[in-house]
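Work through the following exercises with the sequence and the coordinates at hand, and attempt each task before reading its solution.

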Amino acid sequence: MYLPPHDPHVDDPMRFKPLFRIHLMERKCATVECMYGHKGPHNGHIQIVKKDEFSTKCNQTDHHRMSGGRQEEFRTWLREEWGRTLEDIFHEHMQELILMKFIYTSQYDNCLTYRRIYLPPSSPNDLIKPGLFKGTYGSHGLEIVMLSFHGKKAKGTKITGDPNIPAGQQTVEIDLAHPLQLPDIENLRDFSELSRIVLEVQEQVRREEQEQEQQQEEEDCCQAASQPAAKPLGGEGAEGEETAAGTEGTAQDKAPASQPFVLPMGVISRNEDYPRTCRICFYGTGLIAGHGFTSPERTPGVFVLFDDDRFGFIWLELKSFSLYSRIKVSFQNAEAPSREAFDEMLKNIQSLAT
């Protein structure tokens, strides 16, 4: 397992933690050991579920228990997961979220299902190289997001989730067709000024979407065979991507190489060590919801590109700022097998089990 660095140090490297290991000693002799807990390796089980998916099960979960009971397990987990003690966390809401996460994760006892992650393709026209990023999410701590590009849109999809927004959901969406011109540094400190600029662009996007829908309806009614149908806003076809690349290139050409940046007064940030210059900003939306992913809604925000490996997002409604830093680890240590070798290993174990 690769764990994010301790909150809020997004630029620190990922932390590595073995969860299970497989021994292939002879042609028809294989053992699986669970590495979870603090009592050393013990008996486990591994099974192929389907393509790109397998599951692990611990057969001796008593090895995960500690002599001090659940309180000791929680304190140990807190030190490893957050790098602090509960006494260090004064915010009551944050304590509640941390406890919820411990209860949720500890109940599985390393009986987990793993699915392969396919990284998004890269194009020369992309704003930056797509990939995995560590991001600050307020009281939730650090989470992993996959950034991908789709024509006129860029999307941040959660790889790890929390009690509000689960994994797999699109946490942020960036409208590459609508760059934002930030005010000068003094006016940028005024949250109301930034809010005015963003809401104006939001209204502009809404009008464009309405016009696009009306145009599409008219073309559908007329069924004009001689005229090609207009691409919808944010289309992901080849033509849409070409247009987006042109729009993006124009926006970057007009923007200065870097411009001063500072968070407006009143915007909360877990990490005060954010860059003080940025390349370009775009209008975007962020997904927020209540506990259990209740009442989800997309709210306006600002995507801030700092450099090739860092970006930020200002959540306008929450008055909060998330800082993201690229994950550079190769996800394969020196002793790890290749993808083909690992798939073959799973097949051998599956055949032994049957």
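Two residues are in contact when they have heavy atoms within 4.5 Å. The model used throughout is predicted.

**Exercise 1.** Determine which residues Pro166 is in contact with, leaving aside its neighbours within four places in sequence.

*Solution.* Begin with the location: Pro166 belongs to the loop that lies between β10 (153–158) and β11 (170–180). Applying the contact criterion then gives Lys158, Gly161 and Phe293 as the partners of Pro166. Of these, Phe293 is 127 residues apart from Pro166 in sequence, yet their C-alpha atoms are 7.1 Å apart in space. Finally, Pro166 has a relative accessibility of 28% and therefore counts as partly exposed.

**Exercise 2.** Establish the strand order of the open sheet of five strands, and explain why one side of β3 and of β7 is left without a neighbour in the sheet.

*Solution.* The order reads β3-β4-β5-β6-β7, and the pairing is antiparallel. β3 (20–26) and β7 (112–115) stand at the edges with a single partner strand each, so one side of each has no neighbour in the sheet. From one strand to the next, the twist averages 35°. For β3, antiparallel pairing with β4 (residues 29–34) runs over six bridges, and Glu26 stands opposite Cys29 in β4.

**Exercise 3.** Decide how many disulfides the structure holds, and examine Cys111 and Cys278.

*Solution.* The count is zero disulfides. For Cys111, the nearest cysteine sulfur is that of Cys58, 6.3 Å away, and Cys111 is partly exposed at 31% relative accessibility. For Cys278, the closest cysteine sulfur is in Cys281 at 4.0 Å, which is too far for a bond, given that a disulfide requires sulfur atoms within 2.5 Å. Cys278 counts as buried, at 1% relative accessibility.

Notes
Residues numbered from 1 in each chain as written. Predicted model: local features only at pLDDT ≥ 70, side-chain atom pairs only at ≥ 80, totals over all residues. Heavy atoms only, no water. Pairing = 2+ DSSP bridges. Helix = DSSP H or I, 4+ residues; strand = E, 2+ residues; numbered from the N terminus. Axes fitted to C-alpha atoms, helices over the stretch in contact; angles between N-to-C directions. Buried < 20%, exposed > 50% of the residue type's maximum accessible area, 1.4 Å probe, protein only.
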